[in-house]
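Trainee: I'd like a close look at one part of this model, residue by residue. Pick a spot, tell me which way its side chains go and who its neighbours are, then put it in context with the rest.

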Amino acid sequence: MNFIARLLSVGTLSLSCLTSVAAMTVPARASDYPSRQVTVIVPFAAGGPTDTVARIVTAQMSKSLGQNVAVDNRAGAGGTLATSLASRAAADGYTLIAGHMGTHAAVVSLYPTLNYHPKRDFEPVSLLAGTPIVILARKDFPPKNLEEFAVYIRANTERLNVAHAGIGSVSYVSCLVLHRQLGARPTGVPFSGTGPAMAALVAGEVDYMCDQIVNAVPHIKSGAIKAYAIAMPERSPSLPDVPTTAEAGMPSFQARAWVAMFAPKGTPPSLIAVLNAAASRALDDDNVRSTLQALGAVIPPPEQRTPGALADLVDAEIDRLSPVLWQAANSTAHIDSPWK
Ligand code: MLT
């Protein structure tokens with residue numbers, strides 16, 4: 001006699017009791033969890049920044065959880081395709097998603113008919129990394145510095161193309177804001193992630209891109225691509241020779257991104273706590289830290305790794321990005337380019 005039948009045999013049951021029965025099919029006891037492989041969906045192609053951060057962290061989480069935490073890359077529609085899928089996955093702790101500033105904040109402003117909402121449909125697990133934005137170009141792109149880059153892309157905007165990972169992606173959002181500030185409207189070339197976009201940039205098939213630092217450091221260091229500036233108040237220790245946008249004369253362009261782990265809404269808090277603890281242990285691991293920091297990722301301090309802190313970040317980013325993106329998407333005038 002299965003569990004439900006046995007319960008039903010002991011007389012009448014209240015509705016709340018029934019729902020608790022249903023809940024018990026999800027292993028609420030954290031001690032039982034995980035009892036099999038956990039899947040983390042990455043909504044972009046392998047090899048890109050989201051994939052890189054997710055794989056480094058989940059490899060360590062597998063060790064402490066005693067079960068494989070596998071990455072499943074599913075790209076499309078700026079990451080919204082897989083994120084929507086994840087929002088409808090079973091809330092049993094076995095399907096998670098590595099989302100970011102795009103999939104869990106910017107898309108709210110860019111997709112009026114989005115079929116998920118970052119707050120309504122997801123449980124925050126943990127922030128994994130801050131990923132500063134760098135302005136990149138193919139190695140033979142004529143401009144020598146950010147000022148020349150600004151003047152050049154405005155003067156040649158009709159014949160230039162910019163790579164991105166789809167509407168709503170970090171690369172799309174960051175360059176949308178940059179173009180609005182500089183008054184440029186190049187042709188956007190979408191890819192399934194900035195992993196493949198980077199390959200096209202290295203091959204000189206596209207002209208430039210705004211990307212998360214973790215995807216760019218090795219290619220900048222090898223000289224395979226150019227980096228004009230990092231859109232942060234201070235330089236990255238991983239790229240000491242790359243100036244900040246302020247140092248390069250454009251303090252108005254500041255852009256940051258982040259990668260975080262989420263679970264479907266309704267995933268029991270006891271399981272979120274197990275996952276959060278495993279993610280935090282991974283971020284304290286020396287190898288994980290040195291690998292991420294060598295790629296320029298910013299590791300969040302413990303107080304920024306809580307589910308509550310991530311929930312607050314998502315709120316703040318949705319609020320921060322909506323006016324910026326509305327303006328960038330709807331106004332032609334460029335207001336604050338330092339170079340005319
Ligand atoms: C990726 O992992 O490919 C990126 O996060 C894409 C993006 O958002 O630009």
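**Strand 8 up close**

Mentor: Let's start with the side chains: Y208, C210 and Q212 point one way from strand 8, M209 and D211 point the other way, and all of them are buried (under 20% relative accessible area with a 1.4 Å probe, protein chains only; over 50% would be exposed, and in between partly exposed). Strand 8 covers residues 208-212 and is mostly covered, with 5 of its 5 residues buried. Strands here are DSSP E runs of at least two residues and helices are H or I runs of at least four, numbered from the N terminus.

Before going on: this is a predicted model, where local features need pLDDT of at least 70 and side-chain atom pairs count only at pLDDT 80 or more, while totals for chains, interfaces and linings use all residues. Residues are numbered from 1 along each chain as its sequence is written, and side-chain values use heavy atoms, leaving out hydrogens and water.

Now the neighbours. Strand 5 (residues 133-138) runs antiparallel to strand 8, and 5 bridges join them (DSSP must find at least two bridges for a pair). Within that pairing, L136 has M209 as its bridge partner. Strand 6 (residues 161-164) runs parallel to strand 8, with 2 bridges between them. There, A163 stands opposite M209. So keep an eye on M209: L136 is bridged to it, and A163 faces it too.

For context, look at another piece of the model. An open sheet of 5 strands has the order 2-1-3-10-4, with mixed pairing. Its edges are strand 2 (69-73) and strand 4 (122-130); each has a single partner strand, so one side of each is left without a neighbour in the sheet. Further in, strand 3 (residues 95-100) and strand 10 (residues 258-264) pair antiparallel over 4 bridges, and A98 has M261 in strand 10 as its bridge partner. Helix 3 (residues 49-65) lies across strands 1 (38-42), 2, 3, 4 and 10.

Last stop: helix 10 (residues 269-284) packs with helix 11 (residues 286-294) at an angle of about 70°, axes 5 Å apart (lines fitted to C-alpha atoms over the stretch in contact, angles running from 0 to 180 degrees between N-to-C directions). The two helices are therefore roughly perpendicular (65 to 115 degrees; under 35 is roughly parallel, over 145 roughly antiparallel, the rest oblique). A282, L283 and D284 in helix 10 meet D286, V288, R289 and L292 in helix 11 (contact means heavy atoms within 4.5 Å).
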